[in-house]
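Please open the model in your viewer and keep the sequence panel beside it, since each stop on this tour begins with a selection and then turns to what surrounds it.

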Amino acid sequence: MLKTVDASENKFELAGFGVRLGASLLDSLFITPFTVIGFYFFFYTKDFSLYAFFTFISFMYKPLMEGFFGFTLGKMVCKIKVVSNEFQKISFSTAIIRSLPWLFVSLSGLIDVYPLFSLDSFLNAGPEDAVLIQSQSDPKIAVYIFQMLLISSGLLILLKPKRGLHDYIAGTCCVKRNKKDKIFF
């Protein structure tokens, strides 16, 4: 059963869509180096294992940061943090559960491109031709479904009580940090 959150009884104010979107965009910048390295292994060396490894590293950034510190670097800059419905620090396992929509998108993307690595035309292609071959492959419906779930989850934050589907699933909420808050909880 989904538990509701009443921030009025606590010292926390729920973070809205705009600040959470800003934190997410900042986080995208922080993981860009790992994404670029992953794309290098995808398009240049055609090494699926290393591509999958850097996809995994990019995915793990969010649950590791939120599980150990309560926020990602983007959330730290935007002065917000992730807490439980009881406004306590979340555990690493809760952070993993909260990140399940991103995991499904990552896994479905890996499953979608894996067959390319068995095609001689892809393996022998230069980067430009590899991009063309990859763009011509038919994406699996699961990729679209998980991407739509992820977008829908984020759009729920626009509604009150400012929680995404991933927050409901994990029993968390994103709140503005108080001035008295220690940086690491």
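Begin by selecting Ala170, which in this predicted model counts as buried because its relative accessibility of 17% falls under the 20% limit. Ala170 lies in helix H9, residues 165–170, and if you display the surroundings of Ala170, leaving out residues up to four places away in sequence, you will find that Ala170 touches Thr94, Ile97 and Arg98. Add Ile90 to the selection and compare the two C-alpha atoms: Ala170 and Ile90 are 80 residues apart in sequence, yet 9.5 Å apart in space.

Next, select Phe122, which is found in helix H6, residues 120–123. Is Phe122 buried or exposed? Phe122 is buried, because its relative accessible area is 0%, under the 20% limit. Not counting residues up to four places away in sequence, Phe122 touches Phe42, Lys46, Leu116, Phe117, Ala130 and Ile133. Measuring from C-alpha to C-alpha, you will also find Phe43 at 8.9 Å from Phe122, although the two are 79 residues apart in sequence.

From Phe122, widen the view to the largest nonpolar core, which has 15 residues, and in which Phe42, Phe48, Tyr51, Val113, Leu116, Phe117 and Phe122 touch the most other members. Colour the elements that give two or more residues to this core, namely helix H1 (17–43), helix H2 (48–69), helix H5 (100–113) and helix H7 (127–136); the largest share, four residues, comes from H2. A second, separate core of seven residues can be picked out through members including Ala15, Ile80, Ile90 and Ala95.

Return now to Phe48 and display the contacts of this residue: apart from neighbours within four places in sequence, Phe48 is in contact with Leu110, Val113, Tyr114 and Phe117.

Then move along to Thr55, which is found in helix H2 and is buried, because its relative accessible area of 16% is under the 20% limit. With neighbours within four places in sequence set aside, Thr55 is in contact with Ser106 and Leu110.

The next stop is the largest pocket, with a volume of about 1,300 Å³. Which of the 48 residues that line this pocket are the closest to its centre? Select Ile31, Trp102, Val105, Ser106 and Leu150 to mark them. The elements that give two or more residues to the lining are H1, H2, H5, H7 and helix H8 (141–155), and the largest share of the lining, 15 residues, comes from H1. If you colour the lining by residue class, you will find 25 nonpolar, 17 polar and six charged residues.

Finally, clear the selections and view the whole protein chain, which has nine helices and two strands and, read along the sequence, follows the pattern α-α-α-β-α-α-α-α-α-α-β. Along its principal axes, the C-alpha trace of the chain spans about 60 × 30 × 25 Å. Of the 185 residues, 39% count as buried, while the protein chain exposes about 10,600 Å², with carbon and sulfur atoms supplying 68% of that area. Among the contacts in the chain with a separation of 6 or more, 74% are accounted for by residues 24 or more positions apart.

Conventions. Residues are numbered from 1 along each chain as its sequence is written. This is a predicted model: local features need pLDDT of at least 70, side-chain atom pairs count only at pLDDT 80 or more; totals for chains, interfaces and linings use all residues. Side-chain values use heavy atoms; hydrogens and water are left out. A nonpolar core is a set of buried Ala, Val, Leu, Ile, Met, Phe, Trp, Tyr and Cys residues joined through side-chain atoms within 4.5 Å. Buried means under 20% relative accessible area, exposed over 50%, partly exposed in between (1.4 Å probe, protein chains only). Contact means heavy atoms within 4.5 Å. On a 1 Å grid over the protein atoms alone, a cavity is a set of points where a 1.4 Å probe fits but cannot get out, and a pocket is an open set with protein on both sides within 12 Å along at least five of seven lines; lining residues have an atom within 4 Å of a point. Grid points are joined across faces, edges and corners, and a volume is the space filled by probe spheres set on the points. Ala, Val, Leu, Ile, Met, Phe, Trp, Tyr, Cys and Pro count as nonpolar, Asp, Glu, Lys and Arg as charged, and the others, Gly among them, as polar. Accessible areas come from the Shrake-Rupley method with a 1.4 Å probe; for residues, only the protein chains shown count as cover.
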